[in-house]
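Me: Please take a close look at one part of this model, the strand pairing, and then set that part in the context of the whole chain.

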Amino acid sequence: MTKGELLYEGKAKMVYETDDPNKLLVYFKDDATAGNGEKKGTIQDKGIINNKISTFFFKLLKTHGIESHFIEQVSDREMLVKMLKMLSLEVVVRNVAAGGLARRLALEEGTILKIPVIEYTYKNDDLGDPMLNRYHIMALDIARVHELDEIEHIAFTVNTVLKNFLRAKNVDLIDFKLEFGRDERDKIVLADEISPDNCRFWDMTTKEKLDKDRFRLDMGGVEEAYKELLTRLIA
């Protein structure tokens, strides 16, 4: 596998062509952003840790029948993935009120929701990633109704698998963001990453945050929190 031209650079990752037109190389950076890019910084070794954590979760999900773009981890910071046609959609699954949901609905942070909630946002930095409903998504031709049904099925399954696994590690899965794409057969496939950058993880006992909220809220101990989560996963 040979690294080719840089196709895309985002806030946390760089995506390269490879000598196989159906495969891409994803490089995980240490850059950190919050508030739609308004706050910027660096979290030491974040790229290494997020690559390892995402690899761990994608492998775990595969054992439960969830297909993703993940092929293999090829270095500390690099992951080989399948080429997908990405949807301009972010899918957020919430188990506990935190962040934007707590603010919008005037809920105390930490309030356990009676059922998991799915929210959609339009992946568009210029618009500030506005929230969408299923009708917006279909009107904008982002996804069709049967694809949304599949996305929600996958998202809820991921939620169940990760919650059950993390409970044994004394970690609560508060909420998380997923992205999806279509493969060459037009099948919906899980993509992007699953890491402390796009999930909220709390210690079940102390409620200590083990995710990027420590960076967002200037809490300190960001690198330590990321490392602690990785340590618990592989222990």
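Reply: Of the 235 residues of the protein chain in this predicted model, 51% count as buried. The part examined here is a run of paired strands, taken from a chain that has six helices and 14 strands.

Strand E10, residues 112–122, pairs with strand E9, residues 89–96. The two are antiparallel, and seven bridges hold the pairing. One of the residue pairs can be named: Leu89 has Tyr122 of E10 as its bridge partner. E10 also pairs with strand E11, residues 131–132. That pairing is antiparallel as well and consists of two bridges. Here Tyr120 has Leu132, in E11, as its bridge partner. E10 therefore has pairings with E9 and with E11, as strands count as paired if DSSP finds at least two bridges between them.

Now the chain around these strands. It has six helices and 14 strands in total. Its radius of gyration is 17 Å, close to the 18 Å that the globule rule gives for 235 residues, so the chain is as compact as a globular protein of that length. The C-alpha trace spans about 50 × 40 × 35 Å along its principal axes. Among contacts between residues at least 6 apart in sequence, 56% join residues at least 24 apart.

As for the surface, the protein chain exposes about 11,700 Å², and carbon and sulfur atoms supply 51% of that area. The chain carries 36 positive and 42 negative charges, and the mean positions of the two sets are 3 Å apart.

Methods. Residues numbered from 1 in each chain as written. Predicted model: local features only at pLDDT ≥ 70, side-chain atom pairs only at ≥ 80, totals over all residues. Heavy atoms only, no water. Helix = DSSP H or I, 4+ residues; strand = E, 2+ residues; numbered from the N terminus. Rg over C-alpha atoms; globule rule 2.2 N^0.38 Å. Buried < 20%, exposed > 50% of the residue type's maximum accessible area, 1.4 Å probe, protein only. Contact = heavy atoms within 4.5 Å. Areas by Shrake-Rupley, 256 points an atom, 1.4 Å probe, with all protein chains shown as cover. Lys, Arg positive; Asp, Glu negative; His and termini not counted. Charge placed at Lys NZ, Arg CZ, Asp CG, Glu CD.
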